Amino acid sequence: MLENDWLLGEFLAQGYAQLDQEGRNAFERLLDYPDNVLYEVVMGRQTTADAGIARLAPLIRAAAAAAPAP
């Protein structure tokens with residue numbers, strides 16, 4: 001899904017390096033989500049029981065919001 005590629009690419013460029021190991025593990029778990037679920041969770045339209053991913057989603061949104069539109 002192109003939207004996910006852009007969202008995650010912006011986060012990798014701007015925020016991933018600042019994550020601790022727990023955050024990086026959460027990012028890896030997020031990548032296992034189906035594309036549509038990943039997008040909905042990152043955009044805040046769907047909740048997740050995974051607390052690490054729940055903390056990560058707003059960081060990904062913020063990185064995308066700070067980037068120029070594709």
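A polar contact is a pair of N or O atoms within 3.5 Å, where one must be able to donate a hydrogen and the other to accept it. I jotted that down before opening the file, which holds a predicted model.

**Entry 1: Thr48**

I started at Thr48, which sits in the loop between α3 (35-42) and α4 (51-66). Which side chain does the side chain of Thr48 make a polar contact with? I found Tyr33 as the partner, at 2.7 Å. That distance falls within the 3.5 Å cut-off, so the pair counts. I also noted that the Thr48 side chain reaches a backbone atom, the nitrogen of Asp50, at 3.2 Å. Then I listed what Thr48 touches, skipping residues up to four places away in sequence: Tyr33, Val41, Ile53 and Ala54. Tyr33 turns up in this list as well as in the polar contact.

**Entry 2: Asp50**

Next I moved to Asp50, since the Thr48 side chain had pointed me to its backbone nitrogen. Asp50 is in the loop between α3 and α4 too. Is Asp50 buried or exposed? Its relative accessible area is 19%, and buried means under 20%, so Asp50 counts as buried. I looked at what its side chain does. One polar contact, 2.6 Å, links it to the side chain of Arg29. The Asp50 side chain also reaches the backbone nitrogen of Ile53, at 3.1 Å. Leaving out residues up to four places away in sequence, I have Asp50 touching Arg29 and Tyr33. So far, Tyr33 is on the contact lists of both Thr48 and Asp50.

**Entry 3: Leu30**

I then picked Leu30, in helix α2 (residues 21-31). With a relative accessibility of 1%, Leu30 is buried, because the cut-off is under 20%. What is Leu30 in contact with, neighbours within four places in sequence left aside? I wrote down Leu8, Leu38, Val42, Ile53, Leu56 and Ile60. Ile53 is a name I already had from Thr48. For Val42 I checked the spacing as well: Leu30 and Val42 are 12 residues apart in sequence, and their C-alpha atoms are 9.1 Å apart in space.

**Entry 4: Met1**

Back to the start of the chain. Met1 lies in the segment before α1 (2-14). I got 41% relative accessibility for Met1, so it goes down as partly exposed, in between the 20% and 50% cut-offs. How far apart are the C-alpha atoms of Met1 and Asn36? They are separated by 8.1 Å, although the two residues are 35 residues apart along the chain. Met1 is in contact with Asp35 and Tyr39, once its neighbours within four places in sequence are set aside.

**Entry 5: the whole protein**

Finally I zoomed out. I counted four helices and zero strands, so to speak an α-α-α-α run from the N terminus on. The radius of gyration is 11 Å, close to the 11 Å that the globule rule gives for 70 residues, so the protein is as compact as a globular protein of that length. The C-alpha atoms fill a box of roughly 30 × 25 × 15 Å along the principal axes. Of the 70 residues, 37% count as buried, and Leu30 and Asp50 are among them. Among contacts with a separation of 6 or more, 54% come from residues 24 or more positions apart.

I finished with surface and charge. The accessible surface comes to about 4,300 Å², with 55% belonging to carbon and sulfur atoms. There are 5 positive and 10 negative side chains, and the centres of the two sets lie 7 Å apart.

Conventions: Residues are numbered from 1 along each chain as its sequence is written. This is a predicted model: local features need pLDDT of at least 70, side-chain atom pairs count only at pLDDT 80 or more; totals for chains, interfaces and linings use all residues. Side-chain values use heavy atoms; hydrogens and water are left out. Helices (H or I, at least four residues) and strands (E, at least two) are DSSP runs, numbered from the N terminus. Contact means heavy atoms within 4.5 Å. The radius of gyration is taken over C-alpha atoms; the globule rule is 2.2 Å times the number of residues to the power 0.38. Buried means under 20% relative accessible area, exposed over 50%, partly exposed in between (1.4 Å probe, protein chains only). Accessible areas come from the Shrake-Rupley method with a 1.4 Å probe; for residues, only the protein chains shown count as cover. Lys and Arg count as positive and Asp and Glu as negative; His and the chain ends are not counted. The place of a charge is taken as NZ of Lys, CZ of Arg, CG of Asp or CD of Glu.
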